[in-house]
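Subject: The model we talked about

Hi there,

Here is the structure, with its sequence, for you to open on your side. My notes on it follow below.

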Amino acid sequence: MKNVLFIIAIIAALLTFSCCVPVQEQTKEERAPVRNFISVHDIPSYLNATSIALGEEEIPPNDLSRAIRFFYAMWIDKYGDEDEKLLTNLNFLTVISSDEMMEVSSGAFWVDGSPIVEKTRVVGLTWSPTRIWIWIDPSHKISDTSLIHELIHVALWSANGTTGDIDHEGDKEVYWTDEHTMFIEIANLVLKNNDQ
Ligand SMILES: [Zn+2]
């Protein structure tokens with residue numbers, strides 16, 4: 001009985017303290033809602049692939065994974081993947097996304113190969129065979145983003161080892177053909193039909 005009373009006394013003491021700790025007066029800034037502006041997630045099914053979302057919008061990592069797997073299946077069906085170079089890079093891919101477009105004024109090319117010569121807003125960039133950026137379209141559909149376009153740069157870069165073919169169908173680099181442009185159309189159509 002003595003023990004029971006002792007335990008009750010301890011619980012009562014704990015409750016007293018835990019319910020009575022005063023909350024310090026908060027400043028206006030502290031009371032403001034907290035939002036996450038950078039989200040970092042693994043992309044499922046890939047060893048070390050990462051999704052980094054800048055801003056409040058994010059493509060769900062599972063959807064991103066599904067779209068990349070679909071792209072890879074379609075790519076190897078058409079072009080193969082010698083020594084699994086593409087698959088290796090996809091396993092270490094970083095997909096950065098944001099709900100704001102970027103501006104470039106030089107060093108980039110339209111799909112037909114003509115250079116961008118004045119300040120232009122772009123919706124996607126490929127920095128390396130393992131790092132891409134895409135703008136999240138307000139529709140939130142992956143098929144409305146440049147994901148497939150950037151993955152083609154990744155695939156070409158993986159295969160030839162030195163370039164993702166920056167000028168697309170232009171003559172500066174030779175890897176991107178009109179077939180690849182068509183590939184994007186078909187892949188995005190399939191994704192759209194699957195509500196992605
Ligand atoms: Zn491109």
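Of the 14 residues of α5, 12 are buried, so this helix is largely enclosed by the rest of the structure. A residue is called buried here if 20 or more other C-beta atoms lie within 10 Å of its own, exposed if 12 or fewer do, and partly exposed in between, with C-beta atoms placed from the backbone. Helices (H or I, at least four residues) and strands (E, at least two) are DSSP runs, numbered from the N terminus.

Before going further, please keep in mind that this is a predicted model: local features need pLDDT of at least 70, side-chain atom pairs count only at pLDDT 80 or more, and totals for chains, interfaces and linings use all residues. Residues are numbered from 1 along each chain as its sequence is written.

Back to α5. Its buried residues include L147, L151, A155 and W157, along with polar ones such as H149, E150 and S158. They pack against α3, α4, β6, β7 and α6, where contact means that two C-beta atoms, placed from the backbone, lie within 7 Å. A155, for instance, touches W75 and L86, leaving aside residues up to four places away in sequence. The length of α5 fits a regular helix too: at 1.5 Å a residue its 14 residues should span 20 Å, and the end C-alpha atoms are 20 Å apart. That expected span is 1.5 Å times one less than the number of residues. Just after α5, G161 takes a positive phi of about 85°.

Now the overall layout. The protein has six helices and seven strands, and from the N terminus on they run α-α-β-β-α-α-β-β-β-β-β-α-α. Buried residues make up 26% of the 196 residues. Among contacts between residues at least 6 apart in sequence, 53% join residues at least 24 apart.

Next, the sheet. Five strands form an open sheet in the order β1-β2-β3-β7-β6, with mixed pairing; two strands count as paired if DSSP finds at least two bridges between them. β1 and β6 are the edge strands, each pairing on one side only. From one strand to the next the twist averages 15°. α5 packs on this sheet, touching β6 and β7, and its direction makes about 25° with that of β6. Axes here are lines fitted to C-alpha atoms, for helices over the stretch in contact, and angles run from 0 to 180 degrees between N-to-C directions. Within the sheet, β2 and β3 run parallel and are joined by five bridges. L54 stands opposite S98 in β3.

What sits at the heart of the packing? The largest nonpolar core has 30 residues, and those with the most contacts inside it are A67, I68, F71, I134, L151 and A155. Such a core is a set of buried Ala, Val, Leu, Ile, Met, Phe, Trp, Tyr and Cys residues joined through C-beta atoms within 7 Å. α3 (61-79), α4 (85-91), β7 (131-135), α5 (147-160) and α6 (178-193) each supply at least two of its residues. The largest share, eight residues, comes from α5.

Two other helices are worth a look. In α3, the buried residues are P61, L64, A67, I68, F71 and W75. They cover an arc of only 125° around the axis, which puts them on the same side of α3; the arc is that of the directions from the helix axis to the C-beta atoms. On the other side, N62, A73 and D77 are exposed. An α-helix has 3.6 residues a turn, so residues three or four places apart point the same way.

α6 follows a similar plan. Its buried residues are H180, F183, A187, N188 and L191, and they fall within an arc of 120° seen down the axis, so they line one face of the helix. Exposed on the other side are D178, E179, M182, E185, I186, L189 and N193. What covers the buried residues of α6 includes α3 and α5.

One last pair to find on screen: K78, which is found in α3, counts as exposed with 11 C-beta neighbours inside 10 Å. K78 and F183 are 105 residues apart in sequence and 9.6 Å apart in space, C-alpha to C-alpha.

Happy viewing, and all the best!
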